[in-house]
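Me: I should like to go through this model by asking what each term rests on. Please set every value against the criterion behind it.

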Amino acid sequence: MIRDRGLGSKLWRTAVWAVTLLFILNLLGVIATVVTNSLATRWLGTWLPVDFTTRWYFAAWREFQLTEVLLVTFQVVFLVTLLSGLIGITTAYALARRDFAGKRFVVLVFLLPLLVPPLTYGIPLATLLYQVGLGGSFWGVVIINLVPSIPFVVLVMIPFIEQIDPRVEAAARVFGAGTGSLFTRILLPLLLPGMLAALLLVLVRTIAMFELTFLVAGPTSQTLVVSLYYAVFASGVRASQSIDAMAVVYMVTTLFWLILALRFVNPTQIVARAKQSQPAH
Amino acid sequence: MSDMVLQGAAQRPARPALKTRLAAKGFDGTTLLVLPGLIAVLALFIYPFLYGVVDSLTPQAGAWYENYRRFFSDPFLYNTISATLWLALPVTLLNLLLAVPIAFRVRLMRRQRLLTTLLVLPITLGTVLVAEGLLNFLGPQGWFNRTLILIGLLDTPLRLTNNYWGVFASLLITGFPFAFLLTLSYVTGIDPAIEQAAATLGASAWRRFTRIFLPLLVPGLSVTFCLAFVQAFAVFPSAVLLGAPAGATRVISIAAYSAAFEEYNHSLGSAIAIIMGAVQLLVVLAVLGLRGFFYRGSASGTKG
């Protein structure tokens, strides 16, 4: 490790940490504003509200029909996670284990949905879904959310599967394991950490996925983030504390899964695909 | 004639079965497992995308290029491109400029987990929640303006919501962690032995950065720039909630959405969506093209 000791580098170091601290303070300030406002009786023109209350949570729960919204959110999110897991992991297995003509093309096809802005494919897909009659329905929301999730699972899982030595599978075959028991007894246990990581990341991303869900969600198929958007959009109608109470409910939902996800994954994986294991030096 | 049939029959045992030949090229039962995913992406991404292209070329009235003509002749529509670029490019550049030095500091830390976890927060919370929080936080009575007035930097509150700066702040908060975590994973991928070698030979910190790290980082940074730009360019909820959706922050996604779902003109909506994809692709290609001028190769030290 190299440590520079000049005055210039000291100043530079302080400046870098000051900027980091400023960013984190502002970030926490944003979150604290939402939480404080959701607990406030009245908060106008002062540092802190006049008094604190929890009644906005009950009000928000009734006003925004949060029981139904949460139920829909979890159904959508779990279904998307399950389907993209099933489809994505089988695809990733084939891509990790076989080299075939056109493989580069297939990988490109899986990369594209992650590189194109969601609205670019979301608007034509939503138009199609409305024409088939799935627009505004529960299944429409699930289908449109699968578009970024399946490629994400595929790209995260490929390096995980490549890490498993194919000789382990060959050995199992030699000892007479069928495809079924090969999968349940060999692959599943070895892949479990990677699968958990990939699926939890899909889960967190789907809860926060706004643009695509927004395009096809109808009154009965809104997820939490879409309801929150509509509430903020029409913010003159309802008390701001009530909207912030809903925002806190949303925050708790995402953070619960985030904390669970962080037990299994490195935070950098949430933005990038899993890094391939570094070769030993 | 009969000779040729006989010859063919004689050759056949020498040729392996179709299944074996395909397996030798990598096509067997396992390869078929790629099909469910491939079919799903073809049906849900490629087909709708092509459908959108065709849809955009069959306008409700007029010639096949009517939607594109309308987009590029109506300033209310074509100005959205510059409005979006004017938001997305500065934010992405600023995010990268902040991310690089901070990633270089954090790389030396032994316990990065708390910091990285804090920085993941805005990504998981999503743009809608950040927009809602910033509306109060940056508002005229919010803590941000109050603090600045308290320490004497300001006399009257700055107007930071419902304009360009509100959207800028929200893109900074959701975009910086993304750029930072990607940059961090690239920075930590560089072998520290290379830097130590440079320091041993007497290179100063600035020289080590410009001559050692920067050339090695350029490929990673250009990818980070592209991914961060894609996110910033697609800005939608915060431009509506925190910006001036009819004015300075009328970004291209608002135009696409309102054409498709408020005017019910899905043909024009698809056209704008495709223009959006094309503009973004141009920027990404330009950045990746610039990358070609720099060093490419291993970032790990090798012995011997």
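**The interface of chain B and chain A**

Reply: Between chain B and chain A about 8,100 Å² is buried, with carbon and sulfur atoms giving 78% of that area. The model is a predicted one.

Me: Which residues of chain B supply the most of the area buried against chain A?

Reply: B:Phe45, B:Arg105 and B:Trp143 supply more than any other three residues, namely 9% of the area that chain B buries against chain A.

Me: How many residues does each chain bring to the contact, and what makes a residue count?

Reply: A residue counts when heavy atoms lie within 4.5 Å. On that criterion the contact takes 91 residues from chain A and 94 residues from chain B.

Me: How many salt bridges and how many polar contacts does the rule find across the interface of chain B and chain A?

Reply: A salt bridge requires a side-chain nitrogen of Lys or Arg within 4 Å of a carboxyl oxygen of Asp or Glu, and across the interface of chain B and chain A the rule finds zero. Polar contacts are pairs of N or O atoms within 3.5 Å; here seven residue pairs are found, both residues being at pLDDT 80 or more. Helix α6 of chain B (residues 113-137) gives the largest share of the side that touches chain A, 22 residues. By class, that side of chain B has 59 nonpolar, 24 polar and 11 charged residues.

**Salt bridges and a helix start**

Me: Why is the pair A:Arg97 and A:Glu169 called a salt bridge?

Reply: The closest N and O atoms of A:Arg97 and A:Glu169 are 2.7 Å apart. The cut-off is 4 Å between a side-chain nitrogen of Lys or Arg and a carboxyl oxygen of Asp or Glu, so the pair qualifies. A:Arg97 belongs to helix α3 (residues 66-97) of chain A and A:Glu169 to helix α7 (residues 166-174) of chain A, so the salt bridge ties together parts that are 72 residues apart in sequence. Over all chains, the search finds seven salt bridges.

Me: What is found at the start of helix α9 of chain B, and what follows α9(B)?

Reply: At the start of helix α9 (residues 192-200) of chain B, a side-chain oxygen of B:Asp191 comes to within 3.0 Å of the backbone nitrogen of B:Ala193. After α9(B) comes B:Gly202, whose phi is positive, near 90°.

**Two domains in chain A**

Me: How do you know where the domains of chain A begin and end?

Reply: The bounds come from an automatic or database domain assignment, which gives domain 1 (1-53) and domain 2 (64-270) of chain A. Their C-alpha centres lie 32 Å apart. Eight residues of domain 1 of chain A contact seven residues of domain 2 of chain A. About 560 Å² is buried between these domains, 61% of it from carbon and sulfur atoms. In domain 1 of chain A, A:Val34, A:Asn37 and A:Ser38 lose the most area to domain 2, together 71% of what that side buries.

**Record and model**

Me: What does the UniProt entry list for residues 70-261 of chain A, and how much of the span is helix?

Reply: The unreviewed UniProt entry lists these residues as "domain: ABC transmembrane type-1". Residues 70-261 of chain A are 83% helix and 0% strand. The unreviewed entry also places "transmembrane region" features in chain A, including residues 69-93 and 245-265. Residues 69-93 of chain A are 100% helix, with end C-alpha atoms 35 Å apart; residues 245-265 of chain A are 86% helix, with end C-alpha atoms 30 Å apart.

Note on methods. Residues are numbered from 1 along each chain as its sequence is written. Chains are lettered from A and ligands numbered from 1 in the order in which they are written. This is a predicted model: local features need pLDDT of at least 70, side-chain atom pairs count only at pLDDT 80 or more; totals for chains, interfaces and linings use all residues. Side-chain values use heavy atoms; hydrogens and water are left out. Buried area is the accessible area (1.4 Å probe) that two parts lose on being put together, summed over both. UniProt positions are given in the numbering used here, feature names are shortened, and annotations may be inferred rather than shown by experiment. Helices (H or I, at least four residues) and strands (E, at least two) are DSSP runs, numbered from the N terminus. A polar contact is a pair of N or O atoms within 3.5 Å; within protein, one must be able to donate a hydrogen and the other to accept it, and residues adjacent in sequence count only if both atoms are side-chain atoms. Ala, Val, Leu, Ile, Met, Phe, Trp, Tyr, Cys and Pro count as nonpolar, Asp, Glu, Lys and Arg as charged, and the others, Gly among them, as polar.
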